[in-house]
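Q: I have a model open and want to go through its strands and a few side chains. Can we take it piece by piece?

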Amino acid sequence: MDKRYPWEQGLAVLPEHLRTGLRTLGPDRLSRLEEARLRRGFPMTALLPEGEIDTDTPPIGEEDLRQVLENATQSSAHTALDRVRQGFVTLRGGHRVGLCGSVVRRDGQIVTLRELSSLSIRVARPVTGQARTLLPQLMEHGTFASTLILAPPGAGKTTLLRELVRGLSDGDGVPPLRVGVADERGEIAALWRGEPQLYVGRRTDVLDGCSKAEGLSILIRGMNPQAVAVDEITAPEDVGALITAAGGGVTLLATAHGEGRAGLERRPLYRPLLDEGLFRFLVRIRREGERRIYTIEELR
């Protein structure tokens, strides 16, 4: 087991001189570090709950970005091509490196990135404890009811989704369920060589690397889940797959971008979810510094 602090493990892909620059932030800020951002021509920045600040590092050059990617892919970027062309690489421990640069296309499809312009290293920090508080409030007639998590970007939707999946799977204060996770972008469980790097429960089956619609179909056909979870409903295909899953008697757990129910009702993408009555509960997240405030509403 890796005994390092999350920031040390996640940012081990940085060249030594950049790690040295980060250490000047001091233990308190490093313990709260959410991301390190590298943009060519500028010093590296650190994203903290209170905002993004400069670090004591020289301007980032092409070699710095190339070295991080080589470290992240273990000196073999072509072996992580599928991840690279999606714009990120998952690291051991569930941390991830987001990539920006010039897109290379072949036959209309993105095949890779070249001439990197910036990177973002996101530090994974599982947050536990909310499942035991929230899950009992999301029950109906003794069983977990389909729930939608709604919040603006950066408020902690994926973190809460993962914690609720874990709680359902482990039976944390509620009857345990078999949970299937369609982890399209590898952010929920962060599979690394077939092993979830972020704990999602002992009765959870994870499928990543495919669309949410494809993943839900495969999980329902092959793994007989009692509940399925997806992160960030962003396309009509996602909505259609959720409607199909609900029609088969599977309980749903999903996230969406937004501020409140009124916003959901205004957006054509989300309206079918409400019209079909897919979700029983809506969990809204509001962030105040490092604190997250959770509010539960009934949708039907």
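Q: Which residue is the bridge partner of Glu 288 in β17?
A: The partner is Arg 291. Keep in mind that this is a predicted model.

Q: How do β16 and β17 pair, parallel or antiparallel?
A: Antiparallel, over eight bridges, with β16 covering residues 281-288.

Q: What sheet do they belong to, and in what order do the strands come?
A: It is an open sheet of seven strands with mixed pairing, and the order is β13-β10-β14-β15-β9-β16-β17. The edges are β13 (204-208) and β17 (291-298), each of which pairs on one side only.

Q: By how many degrees are neighbouring strands turned against each other?
A: By 20° on average in this sheet, with direction ignored.

Q: Which strands does helix α8 touch?
A: Helix α8, residues 212-223, packs on the sheet and touches β10 (179-183), β13 and β14 (227-230). The direction of α8 makes about 155° with that of β10.

Q: Switching to the N-terminal strands. How many bridges join β1 to β2?
A: Three, and the two strands run antiparallel; β1 is residues 35-39. Arg 37 stands opposite Thr 45 in β2.

Q: What about the turn there, where is the positive phi?
A: At Gly 41, with a phi near 90°; the hairpin of β1 and β2 has five residues between the strands.

Q: And how many residues does the hairpin from β2 to β3 go through?
A: Two. Four bridges join β2 to β3 (residues 51-54), again in the antiparallel sense, and Ala 46 stands opposite Ile 53.

Q: Which residues of β2 are buried on each side?
A: Thr 45 and Leu 47 are buried on one side, and Ala 46 and Leu 48 on the other, so both faces of β2 (residues 45-48) are covered. In a regular strand, side chains alternate between the two faces of the sheet.

Q: Different topic: where is Gly 87?
A: Gly 87 is in the loop between α5 (81-86) and β4 (88-90). The C-alpha atoms of Gly 87 and Val 97 are separated by 8.4 Å, ten residues apart along the chain.

Q: Is Gly 87 buried or exposed?
A: Buried: its relative accessible area is 19%, and the cut-off for buried is under 20%.

Q: Last one, rings. Which charged residue lies over the face of Phe 88?
A: Arg 96, at 3.7 Å from the ring centre. The charged end of Arg 280 also sits over a ring, that of Phe 281, 5.1 Å from its centre.

Q: How many aromatic pairs are there?
A: The count is zero, taking pairs as ring centres within 6.5 Å.

Conventions
Residues numbered from 1 in each chain as written. Predicted model: local features only at pLDDT ≥ 70, side-chain atom pairs only at ≥ 80, totals over all residues. Heavy atoms only, no water. Phe/Tyr/Trp six-rings, centres within 6.5 Å; stacked < 30°, edge-to-face > 60°. Lys NZ or Arg CZ within 6 Å of the ring centre and 35° of its normal. Pairing = 2+ DSSP bridges. Axes fitted to C-alpha atoms, helices over the stretch in contact; angles between N-to-C directions. Contact = heavy atoms within 4.5 Å. Buried < 20%, exposed > 50% of the residue type's maximum accessible area, 1.4 Å probe, protein only.
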